[in-house]
Amino acid sequence: QVQLVESGGGLVQAGGSLRVSCAASGRTFSSDTMGWFRQAPGKEREFVAALSWIGNTVYADSVKGRFIISRDNAKNTVLQMNSLKPEDTAVYYCAVKRMGTTEYQYWGQGTQVTVSS
């Protein structure tokens, strides 16, 4: 079992930056892929970014060039969000995908990010 806790959400004006973090505990492995997802009001949850255990990154087209996913350390994953837009407003979730699986099995509680225009 993996426990994930997001933090750093808040209110920011359009064009600003915000950093959200994901602290992992429990049965984590170096081979885990860390992902960030978001869900806006009235919308389905969507993929934002992912970081594999070997350092490969994937970004949704909507955030490419603005967001950066990285690891602070073995237990903390960071999503740096720059040039924020009102359409980035959502609850942001971090998640873990085990090596050899296709789905993200573990999810955090989410942190609210609100971008004002």
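Buried means under 20% relative accessible area, exposed means over 50%, and partly exposed is in between, with a 1.4 Å probe and protein chains only. Keep that scale at hand for this tour of a predicted model, in which local features need pLDDT of at least 70, side-chain atom pairs count only at pLDDT 80 or more, and totals for chains, interfaces and linings use all residues. Residues are numbered from 1 along each chain as its sequence is written, and side-chain values use heavy atoms, with hydrogens and water left out.

**Stop 1: Arg38 and Asp88**

Select Arg38 to begin; with 6% relative accessibility, Arg38 counts as buried. Now add Asp88, which is buried too, at 1%. The two form a salt bridge (a side-chain nitrogen of Lys or Arg within 4 Å of a carboxyl oxygen of Asp or Glu), and their closest N and O atoms are 2.9 Å apart. Arg38 belongs to strand 4 (residues 33-39), while Asp88 sits in the loop between strand 8 and strand 9, so this pair links distant parts of the chain, 50 residues apart. Strands here are DSSP runs (E, at least two residues), as helices are (H or I, at least four), numbered from the N terminus.

**Stop 2: Arg66 and the network**

Keep Asp88 selected and add Arg66. Asp88 forms a salt bridge with Arg66 as well, with the closest N and O atoms 2.7 Å apart. Arg66 lies in the loop between strand 6 and strand 7 (67-73), so the pair ties together parts that are 22 residues apart in sequence. Arg66 is buried, at 10% relative accessible area. Add Glu46 to the selection: salt bridges that share partners join Arg38, Glu46, Arg66 and Asp88 into one network.

Which residues does Asp88 touch, leaving aside those up to four places away in sequence? With contact meaning heavy atoms within 4.5 Å, they are Arg38, Arg66, Phe67, Ser83, Val113 and Val115.

**Stop 3: Asp61 and Lys64**

The structure holds five salt bridges, and another one to select is Asp61 with Lys64, at 3.3 Å from N to O. Side chains of opposite charge can pair when their charged atoms come close. Here Asp61 is exposed, with a relative accessible area of 66%, and Lys64 is exposed at 51%.

**Stop 4: the disulfide**

Where is the disulfide that joins Cys22 to Cys94? Cys22 is in strand 3 (residues 18-26) and Cys94 in strand 9 (residues 90-97), 72 residues apart. A disulfide is a pair of cysteine sulfur atoms within 2.5 Å, and the S to S distance here is 2.0 Å. A search of the whole structure finds one disulfide. Check the torsion about the S-S bond: it is about 60 degrees, so the disulfide is right-handed. Cys22 is buried at 0% relative accessibility, and Cys94 is buried at 1%.

**Stop 5: Asn56**

Go next to Asn56, in the loop between strand 5 (46-51) and strand 6 (57-59). Asn56 is partly exposed, with a relative accessible area of 46%. Apart from residues up to four places away in sequence, Asn56 touches Ala50 and Leu51. For a distance check, draw a line from Asn56 to Lys75: they are 19 residues apart in sequence and 17 Å apart in space, C-alpha to C-alpha.
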